[in-house]
Amino acid sequence: MSKVRRLRGWNLRPDGDLTQLDTEAVVTLDADLGGEITTAVATGARLPRVMKGSVLAFESQESLRHPMGPTATAGIMQRHPVRRWELEAAAPGGWFSSPQNVSVQLDVRHMDPWLKNPEVMPGRFVKAESIPAIPKDEGASPHSRNAFPSVTIRFQDPDFREGPSTENWDKLAEWVDQQYQPRFRPSRPLDTRGMETGEALKAISRWMAKELTYKQVYLSPDRGWFPDPGPEVVRHRYGDCKDLTCCLLSEAKGLDLEVHPVLALIGHGFIEDSEVPNPNLFDHVISAIKLEKSLGFPAEMDTPQGRFLLVDPTSRLTPLGRLPAYLQDQRVMICTSRGAAWVRIPASAVEVPSARVLLEGEVDASRTCRAKLRFLETGDRFGLRSAMLKEGARGILQRLTTVLELVPAAILEIERTGDPLDLSQPFVVTAKVTQPGALRSLPNGETLVTWGLPAVPQIIQKVGVARMLPVQTRLQGRLEFQATYLLPWVVEPLLPELTLDSPFRTLNWTAKAQREGSSSKLTLRCTHELRPALFDDKAREKGLAEWKQDRAQVLRLHRDGVTLLHTK
């Protein structure tokens with residue numbers, strides 16, 4: 001719970017006029033987010049008459065009560081240059097007029113190269129001047145928390161008993177485990193008697209994927225951090241990551257297994273090795289199941305506390321034994337009564353989304369193409385599984401229209417779909433497409449539609465603007481594409497072969513045309529795999545150059561790979 005007690009602001013306009021704000025009357029706004037039901041509200045106020053060239057300043061006084069204790073992080077850089085930025089941890093007459101036994105710790109990260117000679121008084125304040133604006137239009141860059149300066153403030157109060165200690169990671173992990181363990185109560189929604197441990201866990205995971213849905217319902221301040229007990233999740237048939245983890249671990253505990261929550265960060269960059277204990281650092285919870293002996297799953301992790309099987313029950317489309325690709329290389333913290341067990345998720349533990357696309361098409365003299373397509377999707381490579389789960393055949397139609405970039409005049413029909421929750425085999429979708437203008441006439445040939453080709457990378461840097469951020473990508477995915485087209489003309493491909501092996505992808509392309517009288521049979525094949533890459537501060541210019549070369553080759557594929565020359 002947080003409330004703005006007072007908000008002050010100053011707007012010094014270019015004409016010398018000063019407009020001030022000093023109010024306790026703040027606007028209350030509905031803070032509900034997509035997919036989240038919450039009682040939270042947001043408050044704010046408007047500083048009038050702001051214009052280009054105005055010098056702005058703000059000061060706020062707030063009262064805070066956080067379920068995870070007195071710890072907060074503040075970013076320093078903004079979208080606009082900042083002349084002066086100050087944080088004073090315990091100002092006399094402010095929140096703590098007499099801190100006495102309270103220890104205050106300020107941890108500043110990523111000061112270089114953004115802050116010039118900042119003033120840092122340990123436990124007291126941080127001050128900086130002439131702070132540049134956050135760079136604009138720099139794509140393929142790290143998350144802001146891993147690139148820009150921030151301050152974490154922690155109050156260590158020996159009398160504080162309502163939340164976790166941030167003295168060290170072990171104490172934090174022990175406290176989190178203590179909050180979860182009483183909620184691990186099995187309800188046994190299915191009979192697993194007589195099953196081996198691995199099979200029982202698979203059965204529980206399959207049941208959860210079919211019966212439970214992801215939904216955030218936060219009707220009290222602490223629900224963002226503490227789960228509902230396992231039986232409540234089974235009764236509701238929904239929950240967020242904490243709830244689904246609690247449900248899975250409740251049932252695993254019913255198998256006489258030792259279980260623990262795992263804190264992770266998935267939507268806001270990486271947890272760095274040198275970060276200080278902070279309960280607000282994490283945005284995701286997954287499951288750890290202690291194993292006395294290996295079950296042969298790739299997501300088993302060895303730690304000083306033993307071997308744990310890690311499971312992310314929110315990822316309904318990832319089979320038990322593997323983790324979703326967004327967890328690769330992330331540092332996660334297993335929270336036990338014996339302290340923190342940190343592990344970094346290796347590539348071998350995740351399931352990389354992949355797909356095969358098989359196409360048989362025929363183009364007539366009017367350049368209309370009629371094609372049969374077969375998609376075989378592992379994981380959620382094209383989003384077909386999730387579309388099927390959310391909206392059925394209508395969702396599949398919408399996704400394939402986007403994937404194939406179909407024109408409005410195209411007709412798409414879904415012939416057959418598989419079971420999106422059967423993770424033992426690829427999800428199969430078969431479809432028929434009729435599209436006028438599938439070929440575009442050139443003076444000496446034709447240009448074919450680009451169905452099945454990998455997307456062209458974005459431009460990540462404006463021409464003539466120096467790169468300021470590292471170049472980083474986390475995209476993963478494999479694609480195998482094979483197509484045959486019958487064409488009413490004799491043609492030959494302009495680009496018979498292309499091989500690309502860059503830091504961001506591998507790609508192999510072949511195009512062959514076989515003459516059949518006055519027509520041709522065109523065969524296209526493409527294998528493509530995206531992979532994560534990082535060029536740090538010292539190598540960012542090299543990363544930018546590599547990106548440009550990579551993009552130029554993919555553009556060449558889109559331009560020349562589908563260009564067909566008429567021959568006699």
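## Basis of the description

Helices (H or I, at least four residues) and strands (E, at least two) are DSSP runs, numbered from the N terminus. This is a predicted model, in which local features need pLDDT of at least 70 and side-chain atom pairs count only at pLDDT 80 or more, while totals for chains, interfaces and linings use all residues. Residues are numbered from 1 along each chain as its sequence is written, and side-chain values use heavy atoms, with hydrogens and water left out.

## A nonpolar surface patch

Leu56, which is found in strand S6 (residues 55-64), joins Val50 and Phe58 in a nonpolar patch on the surface, and together they have about 280 Å² of accessible area. Such areas come from the Shrake-Rupley method with a 1.4 Å probe, and for residues only the protein chains shown count as cover. Patches are made of residues with over 30% relative accessible area and no salt bridge (a side-chain nitrogen of Lys or Arg within 4 Å of a carboxyl oxygen of Asp or Glu); like charges are joined within 9 Å, and nonpolar side chains (Val, Leu, Ile, Met, Phe, Trp, Tyr) within 5 Å.

Leu56 counts as partly exposed because its relative accessibility is 40%, where buried means under 20% relative accessible area, exposed over 50%, and partly exposed in between (1.4 Å probe, protein chains only).

## Strand S21 and its partners

Six of the six residues of strand S21 (residues 331-336) are buried, so this strand is largely enclosed by the rest of the structure. Both of its faces are covered, with Arg331, Met333 and Cys335 buried on one side and Val332, Ile334 and Thr336 buried on the other.

Two strands pair if DSSP finds at least two bridges between them. S21 pairs in the antiparallel sense with strand S16 (residues 259-264) over two bridges, and Leu263 stands opposite Met333 in S21. With strand S22 (residues 339-344), S21 pairs in the antiparallel sense over six bridges; Thr336 has Gly339 in S22 as its bridge partner, and the two strands form a hairpin with two residues between them.

## Aromatic contacts of S22

Rings of Phe, Tyr and Trp (its six-membered ring) pair if their centres lie within 6.5 Å; planes under 30 degrees apart count as stacked, over 60 as edge-to-face and the rest as tilted. By this rule the count is nine aromatic pairs. One of them, formed by Trp169 and Trp342, is edge-to-face, at 5.1 Å centre to centre with 85° between the planes. Trp169 lies in helix H1 (residues 169-180) and Trp342 in strand S22, so the pair ties together parts that are 173 residues apart in sequence.

Trp169 is buried, with a relative accessible area of 16%, whereas Trp342 is partly exposed at 23%. Together with Phe282, Trp169 and Trp342 form one aromatic cluster.
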